[in-house]
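Colleague: Before we discuss this chain, please set out the model and the terms you apply to it.

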Amino acid sequence: MLLALSLCFVSALRAQAPAAAAAASAPAAANPAATGASSNAANPPIPFVGPNDSVSNVVVNSPVTVPGSGASGLRIQGLPGETVPWSIVILLTGLTLIPTLLLCITPFARLLIVFHFLRQALGLQTTPSNQTLIGLSLILTFFLMQPIGAQIYEASVLPMQAGQITAMEALSRGEVPMRKFMEHYVRDKDVALFVELAKEPAPHSPDDLSMRVLLPAYILSELKAGFQIGTVLFLPFLIVDMVVASITTSVGMLQLPPVVISTPLKLLLFLMVDGWHLLIGSLMRSFS
């Protein structure tokens, strides 16, 4: 039965083949203009030159050239030697590293740690909010790093935009002001620790330090400084808590939590001495 079905299918295909060939040839015969157009597209006509036409009036159809379609690719002005895909990759990579750079090479970490210590010392859990503290830290970081940013812009960004240096040379030039800033606040003890861990030779001067050693040493020094300032800031409010707790216990107010009384007193003390002014002024002077 399967053999019979196969023979029927083959015979049907043979019967349909001549009809399909006739149908395909009919449009070609009915539309000779289309055939001529296709042959003309394959073989473009030779430009006609009249007897009175000069050579300058001859029009020749030349292929359209797309800018940047060659092997070199499109190039961005100010980034010689870099094609568009690689420039986009480098730009996006730099944007993803901005938060890490903000934490590692700026005073942002120290400022944020001090503000969190202050909030805990005052006994306030959510006031000021995290967004407020982060925003204040960002603004103060911009205030401190603006001269460094201006030096980097003049030394690396402007020459790169003018096409005088490449992106890698601009990166090397921009590294110099940041190195000077970090070397000023890094501790020798932290530098010695990471030099030993990296198994590098002892540097003769701070300029001999590699970024592999300088970056972790700087962030460790900033953490140490932030915790030191926060601890000193915590002590006066801790004394207030101890005094209030001892008084409430001595008078027999065991059912009243001491924090209910100590928190308004700490806020009153902080406002009386203009605590925000003193704190921000001391933090800014610590980076002078």
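Modeller: Contact here means heavy atoms within 4.5 Å. This is a predicted model, in which local features need pLDDT of at least 70 and side-chain atom pairs count only at pLDDT 80 or more, while totals for chains, interfaces and linings use all residues. Residues are numbered from 1 along each chain as its sequence is written, and side-chain values use heavy atoms, with hydrogens and water left out.

Colleague: Which residues does E183 touch, not counting residues up to four places away in sequence?

Modeller: E183 is found in helix 6; helices (H or I, at least four residues) and strands (E, at least two) are DSSP runs, numbered from the N terminus. At 17% relative accessibility E183 counts as buried, where buried means under 20% relative accessible area, exposed over 50% and partly exposed in between (1.4 Å probe, protein chains only). Beyond the four-place limit in sequence, E183 touches P206, D207 and L214.

Colleague: What secondary structure does the chain have, in helices and strands?

Modeller: Read along the sequence, the pattern is α-α-α-α-α-α-α-α-α-α. The secondary structure therefore comes to 10 helices and zero strands.

Colleague: How do the axes of helix 6 and helix 8 cross, and is the arrangement parallel or oblique?

Modeller: Axes are lines fitted to C-alpha atoms, for helices over the stretch in contact, and angles run from 0 to 180 degrees between N-to-C directions. The axes of helix 6 (residues 167–185) and helix 8 (residues 211–250) come within 9 Å and cross at roughly 45 degrees. Angles under 35 degrees count as roughly parallel, over 145 as roughly antiparallel, 65 to 115 as roughly perpendicular and the rest as oblique. Helix 6 is therefore to helix 8 oblique.

Colleague: Which residues of helix 8 are met by helix 6?

Modeller: From helix 6, the residues in the contact are E175, R179, F181, M182, E183 and Y185. On the side of helix 8 they meet M211, L214, L215, Y218, S221 and E222.

Colleague: What is the make-up of that contact of helix 6 with helix 8 by class?

Modeller: Ala, Val, Leu, Ile, Met, Phe, Trp, Tyr, Cys and Pro count as nonpolar, Asp, Glu, Lys and Arg as charged, and the others, Gly among them, as polar. By class, the contact has four charged, one polar and seven nonpolar residues.

Colleague: Are the rings of F237 and F270 stacked, edge-to-face or tilted?

Modeller: Rings of Phe, Tyr and Trp (its six-membered ring) pair if their centres lie within 6.5 Å; planes under 30 degrees apart count as stacked, over 60 as edge-to-face and the rest as tilted. The centres of F237 and F270 are 6.3 Å apart and their planes are at 50 degrees, so the pair is tilted.

Colleague: Where in the chain do F237 and F270 lie?

Modeller: F237 is buried at 5% relative accessibility, and F270 is buried at 7%. The pair links distant parts of the chain, 33 residues apart: F237 lies in helix 8, F270 in helix 9 (residues 258–272).

Colleague: Which residues do ring pairs link into a cluster?

Modeller: F270 also forms an edge-to-face pair with W276, 5.7 Å centre to centre and 85 degrees between the planes. W276 counts as partly exposed at 33% relative accessibility. The cluster linked by ring pairs consists of F115, F237, F270 and W276.

Colleague: Which residues does P128 touch, not counting residues up to four places away in sequence?

Modeller: P128 lies in the loop between helix 4 (108–122) and helix 5 (130–161), and P128 is partly exposed, with a relative accessible area of 22%. Beyond the four-place limit in sequence, P128 touches R119, L133 and W276.
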